[in-house]
Amino acid sequence: MLWNALLLALREIRRNVLRSVLTTLGIVIGVAAVITMVTIGGGATAQVTQQIASLGTNLLIIRPGQRLGMGQRGIAPPFKLEDAVAIAREIPSIAAVAPSASQSATAITGNANWSTAAYGVDNRYLAVRNLTIQEGRPFSDGDLRAGRAVCILGATVRKELFGTQNPLGSNIRLGKISCQVIGLLEAKGQSTMGRDQDDIILLPLRTFQRRIAGNQEISLIQVSVREGIATEKAQADLEQLMRERRRIGPGEDDDFQVRDMKEVAQMLTGTTRILTSLLGAVAAVSLLVGGIGIMNIMLVSVTERTREIGIRLAIGALEREVLLQFLVEAVVLSSFGGVAGILLAMVASLGMSRLLEVPFILNPGIIVLAFFFSAAVGVIFGFFPARKAARLDPIEALRHE
Amino acid sequence: MSGAPPSPPPLIRLTGVTKIYGHGQASMAALRGIDLDIGEGEFVAVMGPSGSGKSTCMNILGCLDTPTRGSYLFRGVSVEDLGRNQRAMLRRHYLGFVFQGFNLLNRTSALENVELPLIYRGLPAGQRRAAARKALAAVGLSDWEGHTPGELSGGQQQRVAIARAIVTEPAVLFADEPTGNLDTARSREIMELLTTLNREHGLTVVMVTHEPDMALYAKRTVHFVDGKVAADTNGEGG
Ligand SMILES: Nc1ncnc2c1ncn2[C@@H]1O[C@H](COP(=O)(O)OP(=O)(O)OP(=O)(O)O)[C@@H](O)[C@H]1O
Ligand SMILES: [Mg+2]
C-alpha cells in the first residue's frame, strides 16, 4: 500500500511540475532564510564573545565621579598614585594594579602628524590590557622612576607616523616634549565598541604627569583579580577601601565607580543575543511567508485535486489510500525543499560570514527546527484539504468546481 | 441468505429509491420512488427526457451517491448498511462506471488512466500494463496510449473512460451516455464491444442513451419520466 502510494504520489508530482516547483520553492526560501540569519547571528555573537575574552573578564576599572546613569559621571576629586599603591598593598585578592592617566595629544614627526591618545602608564598596564610588545622593549625601572622621555607606539600610530619605516630609536614630538620610541605594540584591532585599540601612545606615568598633563592626577585605575577569586568580592573590598581613603561617611554615595568588565561582557553578550533573536524573528517571518506561499498553492490546487480525489474514489480507492498518497506527496516535496533549503543556507551563510568577517558557526538545532517546521507546513496544508475532499461522497468530489 | 427462495436474488434491486436535492422550499425530487430489478447478465438501456433522473439513478447504482430514501440491494447485500470502505471495495471489485463527462485524470496518459484501478487492486506493474493495453486495444486506442486527455478528442476520451471501466472485469458496467460524443460508426463499435462483453463474459451492462438506435442493442429498455420508471420493455434486443 505504501509502495502504491509512493508510485501515485511521484506520478502526481511529475505531472504537475509547476505546482511542485512552487511548493518546494516556498519551503526552500523559508528554510534557507532562517538558517542563514541564525548562522550569521550566531557568528556575530561568537565574535563578540571572543573579543570580550581577549579583553579579560577578571578586570575591574575604577574611575572618579559617581555613577549618574548611562555613561555619565559627576565631578569628583581625581585619584592619586597613592590610591593605586594602597590598593595593591591592602587587598590581597588583587593580582595587579595599573594606574593610568590619559589625554588626547598630537604626535609629530619630521613630515607627519597624527592626533591620538597619550597614556601615562607603567608596565602593569600592558599585562592588565593584554597588550604585547612586538618589537623593542617595555619601560625600564629607570624610565619609570626618572620619568624619561620614551614612548611605546600602537600599530595605528606607527603606521600613520612612520609608514613602513622602522620607528625604533626615532624621536617624535608630543606636545612640548620630544620622546624616543622604544617599543611597538602588536595590533589588537577594533574593540567591541568599534574603537581602534591601536591608536595609542604609551608613556611612563611620571613622564606623562610632569611633562604632558602637568598634574599628579590618575584618571583610571585598572585592577586584575587573582585567578579563582570572585570579582564581586574584590569589588566589595575595593569599594570599602576607596570609601575609607576618600572619607565618605556612612549613608553618603560613592564619589567613584567600580566597573566589572564581566558585567560589560555580559551586557554585550546580551545585546548580541537580542540581535540574534531579532534576526531569528525576521527569519521566522520569512519562514511563515514561505509557509503561507505553500498553503496558497496547496489551496489553489484544491479544486483540481478535489476532482482528482473524486475520480480516485469512484474507481474504488479507499479514503486512506488517497490520503496516504497526498501525505507522501507532501512529505516528498517538503523534505526535498527542506534539504535544498539547507544546502542553499550553507552556501549563503558561508558567503555572508566571509563578507561580514564573522566566524561561520552552524547551529544544528535551527537546521532541524526549520526543516521540521516547513515540512509540517507542507504536510498540514497538503494533507488537510485532501482529507476534507476524501471524506465526501465520490459524486460530490467530482462535482466540485 | 436464509430461507429457500426459488430464484436467487437479482444482481440489483432498487426499492422505493428517492433522491431529493436541496432543502425546504428549494428542494426538488430527482427520483420519486424507483423500483427496479436488474438480473445477472442483463443488458439494460435507460432512456428518458433530459432531467428525468437517469444520471442521478446511475450514480446511486454505481455507489457514487446515496439515496435520500429507499433501499439498494446488491447481490442481496444492503448497500445502505455498508461503510464507506466497504462501498469503495464494492466499486473496486464489482462496479465499472463510465461518466457522461469522462472524468479522466488530467495530464495523465491514456495508459496510466486505464492502469489506475489496477493500481488500487494491487496488481504488479507488468500485469497491470498488459491488462491496460488489452483494454485500450479493445476500444481501438492502442496507438494513443501515450496521449493525455487534452490531446484526445471527446470520443477518444470516452473510449479511454470505457477502457478504464472494463479493465478490472467488473460484474456490472454502468455507462452514462457512453456514445453521446461519438459518431455513428464509432458508437456502433462501442455497442458491439459492450454486446460482446455482455454475451461472452457475462458482463451486466446498464447504459443511459438518448439514441433509440443504440438502445436496440439492449435486451431491455427502462424509460424514466420525471423521476419515475414510466415503462420497462423487454425482448427488443437484436
Ligand atoms: N447536484 C444537484 N443538485 C441539485 N439538483 C440536481 C443535482 N443533480 C441533478 N439535479 C437535478 O435533478 C434532476 C435530474 O438530473 P439528472 O442529471 O439525473 O438528469 P438526466 O436524466 O441525467 O438528464 P440528462 O439526460 O440531461 O443527462 C434535474 O432536474 C437536475 O436539475
Ligand atoms: Mg444525465
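Let me begin with B:R107, whose place is in the loop between β6 (95–98) and α3 of chain B. The structure before us is a predicted model, and every value I quote is computed from it. B:R107 is not a glycine, yet its phi is positive, at about 55°. With a relative accessible area of 41%, B:R107 is partly exposed.

A second residue in chain B invites a parallel description. B:R75 sits in the loop between β4 and β5 of chain B. Again we have a residue that is not a glycine with a positive phi, here about 50°. Its relative accessible area is 38%, so B:R75 counts as partly exposed.

From the loop that holds B:R107 we pass to helix α3 of chain B, residues 110–121, which contains B:N113. Is B:N113 buried or exposed? Its relative accessible area is 0%, and B:N113 is therefore buried. Setting aside neighbours within four places in sequence, B:N113 contacts B:L104, B:L105, B:T108, B:P149, B:V160 and B:R164.

I turn now to the sheet in chain B. In what order do its four strands stand? The order is β2-β1-β4-β5, the sheet is open, and the pairing is antiparallel. The edges are taken by β2 (28–38) and β5 (77–78) of chain B; each has a single partner strand, so one side of each is left without a neighbour in the sheet. Strand β1 of chain B, residues 12–21, is joined to β2(B) by eight bridges, and the two run antiparallel. To place that pairing on the structure, take B:I20, whose bridge partner in β2(B) is B:A29.

Across β1, β2 and β4 (69–74) of chain B lies helix α1, residues 54–61 of chain B, which runs at about 125° to β1(B).

Strand β3 of chain B, residues 43–47, brings us to B:M47. B:M47 has a relative accessible area of 11% and is accordingly buried. Which residues does B:M47 touch, not counting those up to four places away in sequence? They are B:K54, B:T209, B:H210, B:E211, B:P212, B:A215, B:T221, B:V222, B:H223 and B:F224. There is also a C-alpha separation to note: B:M47 and B:V225 are 178 residues apart along the chain, and their C-alpha atoms are separated by 8.8 Å.

B:K54 leads us to the ligand. Ligand 1 is surrounded by 15 residues, of which the closest are B:S50, B:G51, B:K54, B:S55 and B:T56. The surrounding residues come from chains A and B, so the site is shared between chains. Three polar contacts deserve mention. From chain A, a polar side-chain atom of A:R399 lies 3.2 Å from a nitrogen atom of ligand 1. From chain B, a polar side-chain atom of B:S50 lies 2.5 Å from an oxygen atom of the ligand. Also from chain B, a polar side-chain atom of B:Q100 is 3.2 Å from an oxygen atom of ligand 1.

On to chain A, and its strand β1, residues 59–64. Why may this strand be called largely enclosed by the rest of the structure? Five of the six residues of β1(A) are buried, so the description holds. With strand β11 of chain A, residues 220–225, β1(A) pairs in the antiparallel sense over four bridges. In that pairing, A:L59 has A:S224 of β11(A) as its bridge partner. Five bridges join β1(A) to strand β12 of chain A, residues 256–260, and these two also run antiparallel. Here A:L60 stands opposite A:D260 in β12(A).

In helix α7 of chain A, residues 205–213, the buried residues are A:L205, A:T207, A:F208, A:Q209 and A:I212. As general background, an α-helix has 3.6 residues a turn, so residues three or four places apart point the same way. Just after α7(A), A:G214 takes a positive phi of about 75°.

I close with the cysteines. How many disulfides are there over all chains? The count comes to zero, with a disulfide requiring two cysteine sulfur atoms within 2.5 Å. A:C151 is in no disulfide, because the nearest cysteine sulfur, that of A:C179, is 3.4 Å away and the cut-off is 2.5 Å. A:C151 is buried, at 0% relative accessibility. B:C57 is likewise in no disulfide; for this residue the nearest cysteine sulfur belongs to B:C63, 12 Å away. B:C57, with a relative accessible area of 3%, is buried.

Definitions and conventions
Residues numbered from 1 in each chain as written. Chains lettered and ligands numbered in written order. Predicted model: local features only at pLDDT ≥ 70, side-chain atom pairs only at ≥ 80, totals over all residues. Heavy atoms only, no water. Pairing = 2+ DSSP bridges. Contact = heavy atoms within 4.5 Å. Axes fitted to C-alpha atoms, helices over the stretch in contact; angles between N-to-C directions. Buried < 20%, exposed > 50% of the residue type's maximum accessible area, 1.4 Å probe, protein only. Near = heavy atom within 4 Å. Polar contact = N/O pair within 3.5 Å; in protein donor to acceptor, adjacent residues only side chain to side chain.
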